[in-house]
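Visitor: Hi! Could you walk me through this one?
Guide: Happy to. Let's bring it up and start with the cysteines.

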Amino acid sequence: MILTLVAFFAYCSGEATAFLWTPSFFAGKYEGLGSELIASFGSLVFGGLMLGRLISGFISNKLGDRRMIRIGITVELLGLLLSMLPFRSFVPAAVGFFVTGAGMGPIYPSIQHMAPVNFGKRYSATAIGLQMASAYVGSTLMPMVFGQLQQAVGISIMPVFLLVFAILNITFLEIAYRRCR
């Protein structure tokens, strides 16, 4: 259970940080962008997340929760890597953040959907409640931690920060799933 709590913390830490800091990333990294365009970048991760959840809703029964999580994190990682490439144009990073959101789409619901399988039907409501509590702690604290970090290091560190949480998420989930077997 503790492993899934850490994974949920990591997932929601990355998700909330991406939601809150994406416009600042573009404002700080790319010169000459208008304020309206910068503000619109806040929707990149949300739009990707919506698309990722929509697609996963149609295919999750065929692929299963674990595969959906693995595919989602792989897509998320590809999006983050794209946003790290040193292009002068903001377009590859914008596409990268959209892809990152799409990859995040199936992760949260799939982890929760697996609770009865991993912890038994009797304890699944408790497990989901604890997972959500862990998620809220990550969502509340880590964007603030990132704010402090980016003041010291620079906003360009954001994709690396998100990458760390994506790696923590998949690492702890894989360990947990092996132990649940």
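Visitor: Is cysteine 180 buried, exposed or partly exposed?
Guide: This is a predicted model, and in this model cysteine 180 has a relative accessible area of 31%, so cysteine 180 counts as partly exposed.

Visitor: And cysteine 12, buried or exposed?
Guide: Cysteine 12 is buried, because its relative accessibility is 2%.

Visitor: How many disulfides are there?
Guide: Zero. The cysteine sulfur closest to that of cysteine 12 belongs to cysteine 180, and at 19 Å the two are too far apart for a bond.

Visitor: OK, new topic. How many residues does helix H8 have?
Guide: Helix H8 has 33 residues, running from 121 to 153. From first C-alpha to last, H8 reaches 46 Å, close to the expected 48 Å.

Visitor: Where is the kink in H8?
Guide: At leucine 141, shortly before proline 143, with an angle of about 25°.

Visitor: Which residues of H8 are buried?
Guide: Among them are Ser124, Ala127, Gln131, Gly138, Pro143 and Phe146. Their cover includes helices H1, H6, H7 and H9.

Visitor: What comes just after H8?
Guide: Glycine 154, which takes a positive phi of about 120°.

Visitor: One more: where is proline 92 found?
Guide: In helix H5, which spans residues 91-104. Proline 92 counts as buried because its relative accessibility is 18%, and the cut-off for buried is under 20%.

Visitor: What does proline 92 touch?
Guide: Leaving out residues up to four places away in sequence, proline 92 touches Leu82 and Phe87.

How values were computed
Residues numbered from 1 in each chain as written. Predicted model: local features only at pLDDT ≥ 70, side-chain atom pairs only at ≥ 80, totals over all residues. Heavy atoms only, no water. Helix = DSSP H or I, 4+ residues; strand = E, 2+ residues; numbered from the N terminus. Buried < 20%, exposed > 50% of the residue type's maximum accessible area, 1.4 Å probe, protein only. Contact = heavy atoms within 4.5 Å. Disulfide = S-S within 2.5 Å. Expected span 1.5 Å × (residues − 1). Bend = angle between axes of the 7 residues up to and from the residue.
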